[in-house]
Amino acid sequence: MATFGKKRAGAEQAPRFGKRPAATTSAGVFGNPAHPKGDLSPEARAFLEAERSMRNQAAPAAPSSIPMPSYASPKSGQTQSKSAGKPVFGRRVVARIFDELFVLIAVGIIFMPSLTSAISALASSDVGSPEEARANIEILKFGAVCFLAQALYGILLESSGMQATIGKLMFGAVVTDTNGQKPTLGAVIMRNTLGRLVVNMIPFGGGYAVGLFRGDRRCLHDLIGNTMVRARAPQAESSYSQVFA
């Protein structure tokens, strides 16, 4: 029977497959043999070459060549929410008017008896009389309740997943931070409390008119709360909402 490798002269032994002499040392069967190639049969050399080729093909890719996911935070001004588009002004004004009427009607229905009585007393009482003072206090209470209701209404809806009040949803607007992402709860609270208080104290809507002269359309309460009003989902905007852009 043919053998792979050399047999010792004059001795009968079992076939061996690429066996090296005991006196030599090497890196292993799959490494480079320490003895010259002439000590192995052609079949053994072919087998070793095939094994080396298979090991090279099965070797894993270098760590540097394996793509790794990136968890780096987006740079400011470069990443924007998919639900937010360009800054808007006209549609936010229309949405605000709708929201104020909605809250005013809801609060007015609840306080209608006391409000009607205060208005009647104010119209019929003498100037400087106690009746007039009580009527003015009742009207101031109604105004304070309306402001608080508006603030709570805006905070709850603009900090939610919708990021918009009912009016903004109707006219395709959404409240974001300056990078187009969802605003923080603190920013929404600041926008709807201190921001609204300051902007409503400026006569003739001057606090809102600031947005007309800014490229980002941010009004005074947006600057105080570090927020912005943008178009919602520009790729799916309807022609109706484009009228108020």
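Let's start by walking along the sequence: the protein chain runs through the pattern α-β-α-α-α-α-β-α-α-α-β-α. Count up the pieces and you get nine helices and three strands. Keep in mind as you look around that this is a predicted model.

Now for the chain as a whole. There are 245 residues in the protein chain, and 30% of them count as buried. What about the outside? The accessible surface of the protein chain comes to about 15,400 Å², and carbon and sulfur atoms account for 65% of that area. You can also ask how far along the sequence the contacts reach. Take the contacts between residues at least 6 apart in sequence: 65% of these join residues at least 24 apart.

Next, zoom in on a pair of helices. Find α4, which covers residues 130-158, and then α6, which covers residues 185-201. Their axes come within 9 Å and cross at roughly 155°. How should we describe that angle? Angles over 145 degrees count as roughly antiparallel, so α4 and α6 are roughly antiparallel to each other. Their crossing also has a hand, and here it is right-handed.

Which residues do the touching? On the α4 side, look for F147, A151, G154, I155 and E158. On the α6 side, they meet L185, V188, I189, R191, N192, T193, R196 and L197. Sort the residues of this contact by type and you find seven nonpolar, three polar and three charged.

Finally, let's hop over to the loops, where a couple of backbone angles deserve a look. First stop: R217, in the loop between α7 (206-209) and α8 (220-225). Its phi is near 60°, a positive value in a residue other than glycine. Is R217 buried or exposed? Something in between: buried means under 20% relative accessible area and exposed means over 50%, so R217, at 29%, counts as partly exposed.

Keep following the chain past α8 and you come to N226, which sits in the loop between α8 and β3 (227-232). Here, too, phi is positive in a residue other than glycine, with N226 near 55°. The relative accessible area of N226 is 43%, so N226 is partly exposed.

Methods. Residues are numbered from 1 along each chain as its sequence is written. This is a predicted model: local features need pLDDT of at least 70, side-chain atom pairs count only at pLDDT 80 or more; totals for chains, interfaces and linings use all residues. Side-chain values use heavy atoms; hydrogens and water are left out. Axes are lines fitted to C-alpha atoms, for helices over the stretch in contact, and angles run from 0 to 180 degrees between N-to-C directions. Helices (H or I, at least four residues) and strands (E, at least two) are DSSP runs, numbered from the N terminus. Angles under 35 degrees count as roughly parallel, over 145 as roughly antiparallel, 65 to 115 as roughly perpendicular and the rest as oblique. A crossing is left-handed if the near helix is turned anticlockwise from the far one by less than a right angle, and right-handed if clockwise. Contact means heavy atoms within 4.5 Å. Ala, Val, Leu, Ile, Met, Phe, Trp, Tyr, Cys and Pro count as nonpolar, Asp, Glu, Lys and Arg as charged, and the others, Gly among them, as polar. Buried means under 20% relative accessible area, exposed over 50%, partly exposed in between (1.4 Å probe, protein chains only). Accessible areas come from the Shrake-Rupley method with a 1.4 Å probe; for residues, only the protein chains shown count as cover.
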